[in-house]
Amino acid sequence: MGIWSYFLRRLVQIPLVVFFVTVIIFALMKVTPGDPIAIMLGPYATPETMAALQAEFYLDRSIPLQYVLWVRDLMSGDLGHSIRSQELVTDLVATRFPVSIVIAGMATLVSLLIAIPAGVYAAYRRNSPWDYGLMGFTTVGLSVPTFTLALVLILFFALKLRWVPISGIGLRTWSDGFAAFLLPYVLPVAALAVTTIAELARIVRASMLEVLEQEFIRVARAQGIGDALILVAHALKNVLIPVITVIAVVFAFQVGNTITIEYLFSIPGVGSALIAAVINRDFPVIQGLTLVVGVFFIAMNLLADILYAVVDPRIRYG
Amino acid sequence: MSRMQSTRSTRAANGGISRRDVLRNTAAGGAALGAYGAGLPLFNIVRAQDNKITYALFGEPPGLNGFVYTEIHGNVVTTNIFDKMARIDHATRRIEPEMVEWKNEDPLTWVLKVREGIQWHKGYGELTGEDILYCFNHVQEASTFQKGVSHFPVDHAKLRSKYVVEVKLKMPFSPFPMVTLEYGGSVMCKAAHQEMGDQEFARNPIGTGPFELDSWVSGSHLVLKKNPNHWRDGRPYVDEVLYRVIEDPSVRLSSLLTGEIDIMPRPDPKDTPRFREGGEPGIAYQSVPGWNWDYMDFTFPPYIAADFPTVNVDVRRAISYAIDRQTIIDEIYAGEAIVTDNPVPPGYLGHRPSPIVYPARGDLAKAKELMAKAGATGFDLEVITSDKEWLRRECELVAAMLSEIGINMKIRGMDVGTYSTAWVKKQFQADLEDITIVSPDVDSTLWWFHHKDGIVEHGWENQAVSDWLDEGRAELDPEKRTTLYHNIVDAVLDDCPYIYFNHVNLVYLLKDAVKGFHGGPQEHVVPLWDVQWG
């Protein structure tokens, strides 16, 4: 089977997965307690106003019919609109999702830039203080919840040292100056990146240790090639195979992780919109945003599979 | 291993980077960055220079149309975009004309004279009686929430001349200026609303207030710019108000301390003592008893079995005596509340110093005596509450207090929507909740809750109280109204259909240099036109 037929086979599975995602999301919304109309209108709402809004959001129909109507609207690209703010969910996705993608992308990039050299160096200096230090950091990085870490970062770098602001993403543009624009990203990106650095550094280190024991490395050394060249030109290529395959998934998880981070750092991304929607039981927004994030995860998983098949030809025939 | 060590030595000798080099360079870089950061607070903008105020909202407004949205965040912003027909002066407790002056021609006829020369934002022309009439009609035709809570006495309105509107009532209603013109008196621009419709208007409001909406970045911030044509002399003093959405209270506080915001509402109660005691240089603290209550209420037959223990008045009195209100204030609100046992907060007509009957520290002996008199030897009581963290803790505290008199309180937390539905439909045994009183007239603190036709009355019927409440609405003389409301409060204290605990203070923290900010007793009304940098 060639790469294209593998890709097509994975592609046709997507509608089925998306269908199950819609069913799960819809079912979860229906079993979640709470009346969004009552929340929005408050206890003094007139019965006519409540009835009109219920009809507008199909809440006066049977549950199966509500699902059918939702999917029908989805098929025409209509994710509905917020019960609370009347804002179109597609507009919300268009304004909020890019913010989350940028944060997650920056965190992934920073993670790669730090984790790869750190992992390579730790493997190169196996059992040295560097190695122990990195392993200690990865243990801490994987153990501390992102939320807690974010609070510590705020306390230390924003409140005590005053190096960076706590929030401000979305507030400033490039015209306010490079530093003013970029500084609000520092803490959220750092909070998100620490866990990923720890994860990736461990993968890189383990992979590098394996590669360094390979025959071709010994041959290269026997030929008198320097360590730096061996690491960069020969070992790193092989080490990056597992890293490349997990990048897409790591990136997707970073988007998921931004939910708590966005709340803390007041970031106008999809996560903060989702939290507000959950608090207000704004079901169309929850359904729409969850679906978009779900489809994004599916797409990233597909990308990971394809990358894996591209970099390791043995996989595509599986 | 030995091969690697030898390679490292060789590389260092050849001018490569050794471990020591890395350490040295990292330390130097860190020190440089530290010095840079300490010397240059890059983000700490001094807003006094650009004459801008940054206010932290603890949630994002869903929209800025006062005829659609009733929640706090939107109202905090629209206070500064829209004027009202009348406005309560919190300092004097008087109702003052804002967009209209009024005259009560006869008990059913109120004539409103529009202040001339007021301009709508963004070139929408002058405010006239047409706009006022449009709003009165819109409430009735669109059945907005005002129809039920502030415009219920209105029969119809009509235009007498360009600047004069006549409002005919269905019944005499003395709090008309307070309830209809103040609380329900927001006015929107007819031309703009007709042009845009509800949805677009809520994102692009056109008012006559001191500020106009400049931009709104969803989930992040709203910018209001000074209205250059505003009718209040010389105001507003600042050129711009930046509302930033910061939901977490600890992050709001940190943002104030780092200088990113200038005024913040609702600090976490555990953080307030150090500011109250002046422990934070450069930060001022304001605390005002709020127009709100924490309370417990009960259902009555037919919404609950006639033999259920709380139907017995002595059990309800016992509960009120068993509550140690001061402990609730100390433990839940860190002292930021005042004790009450009745529904009339300070500042309202008919307010009396609290507590009137039930001691702040409770009276357990009296409570036990009343339980014994009622023959209630102990029972389970399901208490509903909404999903607010402080109410959950308050419920736990009250449960501990009631266990002392043999009541096993079962707490049932609900999301706000489910809770509101259960409350309005009277589907509960008892309820512990807080509520903000949105209208500045005492009628609003009592009628809806204690009149037999009130929408949140739960089966408690007291004909005398209902009669007094109706009489109070028709009576224009404040002294006579005061007597009536004292009678009502005494009856409520005696029969305990609602048990009141406290009025929670509204706490604001702000930079010392911010002058002219006065947090009022209404959380949703935060005027900023008097604010300036000192």
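This is a short talk on a predicted model with two chains, A and B.

Okay, let's start with chain A. Chain A has 12 helices and 0 strands. If you read its elements from the N terminus on, you just get α, again and again, to the end of the list. Its C-alpha atoms fill a box of roughly 85 × 60 × 35 Å, taken along the principal axes. How many of its residues are buried? Of the 318 residues in chain A, 48% count as buried.

Now the surface of chain A. The accessible area comes to about 14500 Å², and carbon and sulfur atoms account for 72% of that. As for charges, chain A carries 20 positive and 19 negative ones, and the mean positions of the two sets are 9 Å apart. One more number here: take the contacts between residues at least 6 apart in sequence, and 74% of them in chain A join residues at least 24 apart.

Right, on to chain B. Here we get 18 helices and 20 strands. The box for the C-alpha atoms of chain B is roughly 100 × 70 × 40 Å along the principal axes. Chain B has 534 residues, and buried ones make up 56% of them. About 20500 Å² of chain B is exposed, with 51% of that supplied by carbon and sulfur atoms. There are 55 positive and 74 negative charges in chain B, and their mean positions sit 7 Å apart. And for contacts in chain B between residues at least 6 apart in sequence, the share joining residues at least 24 apart is 70%.

Let's zoom in on one sheet in chain B. In what order do its strands come? The order is β4-β5-β7-β6 in chain B, and these 4 strands make an open sheet with antiparallel pairing. Now, why does one side of β4(B) and of β6(B) have no neighbour in the sheet? Because β4, residues 100-106, and β6, residues 154-161, stand at the edges of the sheet in chain B, and each has a single partner strand. From one strand to the next, the twist averages 25°.

A quick general reminder: strands in a sheet pair through backbone hydrogen bonds, and they can do that parallel or antiparallel.

Let's walk through the pairs, beginning at the β4 edge. β4(B) is joined to β5(B), residues 109-114, by 6 bridges, and the two run antiparallel. If you want a spot to look at, find B:Val100, which stands opposite B:Val114 in β5(B).

Over at the other edge, β6(B) pairs with β7(B), again in the antiparallel sense, over 6 bridges. A hairpin through 2 residues joins β6(B) to β7(B). Look there for B:Ser161, which is opposite B:Val164 in β7(B).

So which helices go with this sheet? One is α7 of chain B, residues 176-183, lying across β4, β5, β6 and β7 of chain B. Helix α7(B) runs at about 45° to β5(B).

Now a few local details, still in chain B. Where are the cis peptide bonds I'd like to show you? One goes from B:Arg235 to B:Pro236, with omega near 5°. You'll find B:Pro236 in the loop between β9 (221-226) and β10 (240-245) of chain B. Another cis bond joins B:Pro301 and B:Pro302, where omega is about 10°. B:Pro302 is in the loop between β13 (292-298) and α11 (313-322) of chain B.

Then there are two positive phi values to point out. B:Arg266 has phi near 50°, which is positive in a residue other than glycine. B:Arg266 lies in the loop between β11 (263-265) and α10 (272-276) of chain B. Is B:Arg266 buried, exposed or partly exposed? Its relative accessibility is 29%, so B:Arg266 counts as partly exposed. B:Ala334 also has a positive phi, about 50°, although it is not a glycine. That residue, B:Ala334, lies in the loop between α12 (325-333) and β14 (337-339) of chain B.

Last stop: B:Pro478, in helix α18 of chain B, which covers residues 478-495. At 47% relative accessibility, B:Pro478 counts as partly exposed. Which residue should you look at together with B:Pro478? Try B:Gly350: the two are 128 residues apart along the chain, and their C-alpha atoms are separated by 8.9 Å.

Note on methods. Residues are numbered from 1 along each chain as its sequence is written. This is a predicted model: local features need pLDDT of at least 70, side-chain atom pairs count only at pLDDT 80 or more; totals for chains, interfaces and linings use all residues. Side-chain values use heavy atoms; hydrogens and water are left out. Two strands pair if DSSP finds at least two bridges between them. Axes are lines fitted to C-alpha atoms, for helices over the stretch in contact, and angles run from 0 to 180 degrees between N-to-C directions. Contact means heavy atoms within 4.5 Å. Buried means under 20% relative accessible area, exposed over 50%, partly exposed in between (1.4 Å probe, protein chains only). Accessible areas come from the Shrake-Rupley method with a 1.4 Å probe; for residues, only the protein chains shown count as cover. Lys and Arg count as positive and Asp and Glu as negative; His and the chain ends are not counted. The place of a charge is taken as NZ of Lys, CZ of Arg, CG of Asp or CD of Glu.
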